[in-house]
Amino acid sequence: MTQTKKATEKSMRAIALDRFGGPETLKVQTVPTPEAGADEILIHVESAGVGAWDPFEREGGFVEVLGITPKFPYVLGTDGAGTVAAVGKNVKELKEGDRVYAAELGNPKGGFYAQYAVVNADNASLIPSGLSMDQAAVLPSDGLTALKGLEDVLRLQPDESVMIFGASGGIGHLAVQLAKRLGARVFAVASGEDGVDFVKRLGADAAVDGRSDNVLDVAREFATDGIDAALVTAGGEATDRALSAIRLDGRVAYPNGVMPQPKAPHRVSLDAYDGEGGREAIDRLNELIEAGPFEVHLHRVFPLEQAAAAHAALEEHHLGKIALSVG
Ligand SMILES: NC(=O)c1ccc[n+]([C@@H]2O[C@H](COP(=O)([O-])OP(=O)(O)OC[C@H]3O[C@@H](n4cnc5c(N)ncnc54)[C@H](OP(=O)(O)O)[C@@H]3O)[C@@H](O)[C@H]2O)c1
């Protein structure tokens, strides 16, 4: 393994937990720098994505669900971007100095809320052209989840119509653009008037505020015989009502974690799934993103030290994603 001078530093600054719990557990600490194994890369992190699921991980939810025995201090952060500082001996596709982004859930070597992170090289990729470090940092989990939902689970065909419910959120705003790239007609159910303006700007063919009571009227105008498929990223009564706009024998998909779980109407299929990384999936995501203008929207970028404020901001209405600048 080759190591840059910086990467040979034995310790680094991180937001690390001594126990699972509330936002008060997010503390700046000095922790050991992780080391890359043969199939891994060490990333000098510039920006970390803040996932909608990070508070759940902070509270200990993931280790329970995934059956992992946690090691403390525990560094959060599934998504991030930075520069390759070292590569393991089996890694061929990436080299020191490359600008990369990556996602790894429940990473035993620690997450991206830190100056350095180690990931399997197959979960990392060069940053698509046109994206900043902060944009790349928030992209991977939600981008891969949006794309898997549309292409693999819903098997969306060109010229089909698709409802994106939660369209102004993390997965949603990426799904609107990816569905357009796949040739679909997009009906976006966004949050608030600002959300509606946002998704129209991103290319949605029709958009409505999912918190208003005219979703079904607008949906019927959009597709008189019903909408072919739906990708759902927020659950509740409004969701289940909106799904009655899906046609007979239509399809609904949602990533695990959406609560309450959506209910599909009679003769509409309903699939829960998990986003997935890996070389092929990331390459496909990059290919679609680079095929034209693409916006990864940052609501706010907080300094690493303000991770607790970033978690609080997740709970408030916002468009797109939140990042932590590690610097
Ligand atoms: N299983 C997996 O692989 C996987 C991967 C990634 C994410 N997830 C899960 O998927 C879910 C979505 O993730 P995300 O990153 O997209 O979260 P997010 O950014 O919070 O997106 C959800 C969006 O839905 C909006 N919304 C809520 N109620 C609405 C309504 N009635 N009408 C219209 N919009 C509404 C929210 O708006 P406001 O801002 O106004 O609340 C928010 O923009 C989370 O539960 C996450 O944990 C699972």
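In this predicted model, an oxygen atom of the ligand lies 3.2 Å from a polar backbone atom of H318. Two further backbone contacts to ligand oxygen involve G169 and G170. The three distances are set out below.

| Residue | Protein atom | Ligand atom | Distance |
|---|---|---|---|
| G169 | backbone N or O | oxygen | 3.4 Å |
| G170 | backbone N or O | oxygen | 2.8 Å |
| H318 | polar backbone atom | oxygen | 3.2 Å |

Taken alone, the ligand exposes 920 Å², and 82% of that area is buried by the protein. Two or more residues of the surrounding shell are given by each of the elements α4 (140-153), α5 (170-181) and β11 (185-190).

The shell around the ligand comprises 27 residues, of which G170, I171, S191, G275 and H317 come nearest. G170 thus appears both in this group and in the table of backbone contacts, at 2.8 Å from a ligand oxygen. Sorted by class, the shell holds 13 polar, eleven nonpolar and three charged residues.

**Overall form**

The protein contains ten helices and 17 strands. Its C-alpha trace spans about 65 × 40 × 35 Å along the principal axes. A compact globule of 327 residues would have a radius of gyration near 20 Å, and the value for the protein, 20 Å, therefore agrees with that expectation. Of the 327 residues, 57% count as buried.

**Strand pairing**

Strands of a sheet pair through backbone hydrogen bonds, in either a parallel or an antiparallel sense. Two examples from this structure follow.

The first example concerns strand β4 (residues 40-50), which pairs with β8 in the antiparallel sense over five bridges. Within this pairing, H44 has Y116 of β8 as its bridge partner. Strand β8 itself, residues 116-120, is mostly covered, with four of its five residues buried.

The second example is an open sheet of three strands in the order β3-β2-β5, with antiparallel pairing. Strands β3 (27-32) and β5 (74-75) stand at the edges; each has a single partner strand, so one side of each is left without a neighbour in the sheet. The pairing of β2 (residues 11-17) with β5 is antiparallel and runs over two bridges. In this pairing, the bridge partner of L17 is Y74 in β5.

What share of the ligand's 920 Å² does the protein bury? The protein buries 82% of that area, and the residues that come nearest to the ligand are G170, I171, S191, G275 and H317.

Technical notes. Residues numbered from 1 in each chain as written. Predicted model: local features only at pLDDT ≥ 70, side-chain atom pairs only at ≥ 80, totals over all residues. Heavy atoms only, no water. Near = heavy atom within 4 Å. Polar contact = N/O pair within 3.5 Å; in protein donor to acceptor, adjacent residues only side chain to side chain. Areas by Shrake-Rupley, 256 points an atom, 1.4 Å probe, with all protein chains shown as cover. Nonpolar A, V, L, I, M, F, W, Y, C, P; charged D, E, K, R; others polar. Buried < 20%, exposed > 50% of the residue type's maximum accessible area, 1.4 Å probe, protein only. Pairing = 2+ DSSP bridges. Rg over C-alpha atoms; globule rule 2.2 N^0.38 Å.
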